[in-house]
Amino acid sequence: MATDFGKGWLTVAAMVLIMLVCAYIVVATVRPDQYAIVAEEPEPVEAPPTPMAEPDPDPEAVVEQHYKHKCAEATRAFNLTPREGEILFYLVKGRNARHIADQLYVAERTVKTHTYHIYQKMGIHSQQELIDIVEAQEAGEKA
């Protein structure tokens, strides 16, 4: 008999506890400024930065940056337009007009026209000459 009595009170105590929690949730929903359901998180403490080694740069990205710099110098040296400078970069990488047109979302004929203007301004007749001139570019020097 004592065991049944203990089980009954335990059940009643659990039900009362559940009812109190539910009542608190209802009150906290109505007045969240007075009765917070979730305690406010403390301000995050910023840890001092740990010195980390820089990851090795991607070799392709390094080469691309090198060519972008050289092409920018050639663009300034030969007074090319910004669009001609973009096309110059692709030409130096060995790309053809179809590929460049796809990358820049222009017609292939437009790329060929810009290429013609680049060749005229630089006084060259082939893509290899173009590559040689750009690779020879130094800061502020005309080839």
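Start by selecting helix 4 (97–104); helices here are DSSP runs of H or I with at least four residues, and strands are E runs of at least two, numbered from the N terminus. Within helix 4, pick out Ala-97, Ile-100, Ala-101 and Leu-104, which are buried. Buried stands for under 20% relative accessible area, exposed for over 50%, and partly exposed for what falls in between, using a 1.4 Å probe and protein chains only.

Now look along the axis of helix 4. These four residues sit on the same side of the helix because they cover an arc of only 100° around the axis; the arc is taken from the directions that run from the helix axis to the C-beta atoms.

A word on what you are viewing: this is a predicted model, in which local features need pLDDT of at least 70 and side-chain atom pairs count only at pLDDT 80 or more, while totals for chains, interfaces and linings use all residues. Residues are numbered from 1 along each chain as its sequence is written, and side-chain values use heavy atoms, with hydrogens and water left out.

Next, show helix 3 and helix 5, which are among the elements covering the buried residues of helix 4.

Then step just past helix 4 to Tyr-105, which follows it and has a positive phi, near 55°. Tyr-105 belongs to the loop that leads to helix 5 (108–122), and is exposed, at a relative accessible area of 76%.

For the last stop, select Asn-79, in the loop between helix 2 (59–77) and helix 3 (82–92). Its phi is positive too, near 55°, although Asn-79 is not a glycine. Is Asn-79 buried or exposed? Asn-79 is exposed, with 62% relative accessible area.

Notes:
Contact = heavy atoms within 4.5 Å.
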